[in-house]
Amino acid sequence: MLPHMPASLADIFLSPNYLHYHTINAGFLQENNPATSMNMAFFSVDTGDFIKLTEKCCLYRAQLLYSGQYSRIGLFERIAIKMKVILDSKQIEQILRDLTGSIISDTPADLDIAVIGIRSRGEILAQRMSELLSEKLGKNIPCGTLDITLYRDDLNSPQGVTQPQVRTTEIGFDVDDKIIILVDDVLYTGRSARAAMDALIDLGRPRAIRLAVLIDRAGREFPIQADYGGYKSDAEPGNLVQVNLVESDGKDEVVVE
Amino acid sequence: MALIRKSRQLKWHRKHLLGLRELSAEEIIYLLDTAKGFEQISTRSVKKAPPLRGKVVVNLFFEDSTRTRNSFALAANRLSADVVEFTQKSSSVSKGETLLDTAKNLEAMGIDIVVIRHNAGGAAKFLSRNIKASVVNAGDGFCEHPTQGLLDVYTIRRIKNSLDGLKIAIVGDIAHSRVARSDMWAMTKLGAEVTFVGPPTLMPSQVSQLPVKVSYSLDEVIEEVDVVNMLRIQFERLGGNPFPSIREYSHYFGLTVERMKRAKPDILVMHPGPINRGLEIESEVADGHNSVILNQVTNGLAVRMAVLFLVNQASAQQEPK
């Protein structure tokens, strides 16, 4: 059993750190795409460390209840889930190399390429891909970050257990007439990609937008496909496919329920 | 990196923004961080994003205002909301309609957010208790002007990174200033030390109960402060003779080039506008390189977009499923 982990609802509510636990957990929920299932981590108040439960091959599913403006009452439903590693760091690196290789062979040499990642895992992958592309092409391939919160299609739906934090879009170059490689970690329903395309064309008129993803998962809800798809996953709807990266999670790996 | 995310781990649950007194430091910081994401909308080629598409924002202004009203209207437009302008002079209020009746009638037309400015303190709160729409306070009496307080701390934070430990002087007509009050709440919650500076006749009567220091001399504090916020002398609110003459006020409390020579070289000069040039602030100072007065206006837009976005989000999530 992990240290500092609340054992029951009563432990959470009676703990003087209850609010602390709660807001931390709620925050973790926000970080994730609501389309994939929810992911959470407990926070150790004593050591100040996050304990990622996925590392211990079990995961807890959380449900938050909000009623009225004062309610900050959370209900945690504990369901242990076995996680399976489907890609390790070597395989992730190989996929990124393959993706950048295909991008280069598809794109005429006289056209400008730029890489834009969708927050937050896509941002890291985009950074890695722009480095690989720069290295292979011998010129600097610019890299930017897109926050799609304002373009999401579930902003006004009351079902949202997640409240997305608006963050900055950082694209320090002109997107006009460039081949934009849009990067995300997982392509699932296609809703994020739709939002990202709308956000992108508000910034200018790219020559083309191509979609590159590490995990191409079944379950599309929109008519959107990846131009460059890495690992194909047929995980059941509702199951979690989680991409962990060194920069954000301490380790490169992809795990599924 | 996981630990950095800690500061973002808060959920905004307020459907109304009535004042900064009731907000926690965490909520203020969440709001300011959110505002950062809205800045770039104003600098790109398509200055519009869709999160309030199909929503209606009413600008319900019972007092004159150019800056705040336009800023809210532009903020709402940039988030794709429809804006209804309502000013006292061109409305049925001049025919004797009460605030509540006016608001109920607007509500019957299906509005989502009311931005209200009123000369009575508590007007925004009153409205929030009586209508279903979200209410954003754009100034009520001498009580609060929360978005001005937020844009002021946003401006300071953007340049100085943090307000923790900063010394800030708010100078002028404190008694009639809702800006001074909202500033005070936001700044002190974020860790700054605030001094109210002005003639005794323009200090609020219960000033000793507020979390601020008080000084009756600008010369006394000018050397040690990191930020000076010059308030406008509001001739329309001044009753009696709070100071003998404009020249005398300007001599003791005006921010002059002479006084600026004694200030820290990186002092930030702020002013909520509109400026009385040559009265509370000399033109050369207002236009000088320490001045962030126009940054305040630009930042105001991002902050107001963030406020409209967040109250609408909270309201969407509180609707019965």
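These entries record what I looked up on the domains and strands of chain B.

**Entry on the model.** I worked from a predicted model.

**Entry on the domains.** I began with the domain assignment of chain B. Domain 1 comprises 8-145 + 298-315, and domain 2 comprises 146-233 + 240-292. I then looked up the separation of the two domains of chain B: their centres, taken over C-alpha atoms, are 26 Å apart.

**Entry on the domain contact.** I next asked how many residues each domain of chain B gives to the contact. Domain 1 contributes 24 residues and domain 2 contributes 22 residues. On the side of domain 1 of chain B that touches domain 2, I noted the elements that supply two or more residues: α1 (25-39), β4 (134-140) and α11 (293-318). I also sorted that side of domain 1 by residue class, and found twelve nonpolar, seven polar and five charged residues.

**Entry on β5 and β6.** I turned to the strands of chain B. Strand β5 (residues 167-171) pairs with strand β6 (residues 193-197) over five bridges, in the parallel sense. For A169(B), I found the bridge partner T195(B) in β6(B). I followed the chain from β5(B) to β6(B) and saw that the path passes through helix α6 (residues 178-189) of chain B. Is this β-α-β crossover right-handed or left-handed? I recorded the crossover as right-handed.

**Entry on β6 and β7.** I then looked at strand β7 (residues 213-215) of chain B, which runs parallel to β6(B) and is joined to β6(B) by three bridges. Here I located V197(B) opposite S215(B), a residue of β7(B). I noted that β6(B) thus has a parallel pairing with β5(B) and a parallel pairing with β7(B).

How values were computed
Residues are numbered from 1 along each chain as its sequence is written. Chains are lettered from A and ligands numbered from 1 in the order in which they are written. This is a predicted model: local features need pLDDT of at least 70, side-chain atom pairs count only at pLDDT 80 or more; totals for chains, interfaces and linings use all residues. Domain bounds come from an automatic or database domain assignment. Two residues are in contact if their C-beta atoms, placed from the backbone, lie within 7 Å. Helices (H or I, at least four residues) and strands (E, at least two) are DSSP runs, numbered from the N terminus. Ala, Val, Leu, Ile, Met, Phe, Trp, Tyr, Cys and Pro count as nonpolar, Asp, Glu, Lys and Arg as charged, and the others, Gly among them, as polar. Two strands pair if DSSP finds at least two bridges between them. A crossover is right-handed if, with the strands pointing away from the viewer, the path from the first strand over the helix to the second runs clockwise.
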